[in-house]
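Trainee: May we go through this chain together, beginning with its overall layout and ending with its sheet?

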Amino acid sequence: MSELVRFGVSLERKLLEKFDSLIRARNYTNRSEAFRDMIRQELIKREWLHGKDVAGAITLIYDHHRKDLLNKITDIQHDYQRLIISTQHIHLDHDNCLEIVAVRGKPEDIQVLANTLKAVKGVKNGTLSMSSAGKEVG
Ligand code: NI
């Protein structure tokens, strides 16, 4: 762990009250931890904007009964294999599958993969969770 540095922050009282209420709602135990997380979140946004090496997860919910859909999703994943670290398939219930695709690579490539998967007919919901490969967030 790198050296801890303390510094003072001046804020309008009202803004600080809003900050405290926000971090309570998010279950942070103290302001420092909340502040660190917000900074890291901004750094991750910048990584995604500036084409750094990033990581994330694509989550898909789709109809288990449509075998054509399953094939299509698998085909796409083979086409983008260089971006995919692993795929987890969960049988949610009788009708629905949840698939979590862990990805790593260039943001623009990952976006294309996520959009391609989300656009497959029959995918009920698709999300891209944008995270970091870890280098820039200390
Ligand atoms: Ni399934």
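**Layout and sheet**

Mentor: In this predicted model, the elements follow one another from the N terminus as α-α-β-α-β-β-α-β.

Trainee: What is the radius of gyration of the chain, and what does the globule rule give?

Mentor: For 138 residues the globule rule gives 14 Å, and the value for the chain is well over that. The chain is therefore more spread out than a compact globule. Along the principal axes, its C-alpha atoms fill a box of roughly 60 × 30 × 25 Å. The radius of gyration is 19 Å, against 14 Å from the rule.

Trainee: In what order do the four strands lie in the open sheet?

Mentor: The pairing in this sheet is antiparallel. Strands β2 (84–91) and β4 (123–132) each pair on one side only, as edge strands. From one strand to the next, the twist averages 15°. The order is β2-β3-β1-β4.

Trainee: Which residue of β3 is the bridge partner of Q88?

Mentor: Strand β3 covers residues 96–105 and pairs with β2 in the antiparallel sense, over seven bridges. The bridge partner of Q88 in β3 is I100.

Trainee: Which helix lies across β1, β2, β3 and β4?

Mentor: Helix α2 (residues 31–49) lies across β1 (54–63) and β4, and runs at about 105° to β4. The helix that lies across β1, β2, β3 and β4 spans residues 67–79 and runs at about 165° to β1. That helix is α3.

Trainee: What percentage of the residues counts as buried?

Mentor: A residue counts as buried under 20% relative accessible area. Of the 138 residues of the chain, the share that meets this is 29%.

Notes: Residues numbered from 1 in each chain as written. Predicted model: local features only at pLDDT ≥ 70, side-chain atom pairs only at ≥ 80, totals over all residues. Heavy atoms only, no water. Pairing = 2+ DSSP bridges. Helix = DSSP H or I, 4+ residues; strand = E, 2+ residues; numbered from the N terminus. Axes fitted to C-alpha atoms, helices over the stretch in contact; angles between N-to-C directions. Contact = heavy atoms within 4.5 Å. Rg over C-alpha atoms; globule rule 2.2 N^0.38 Å. Buried < 20%, exposed > 50% of the residue type's maximum accessible area, 1.4 Å probe, protein only.
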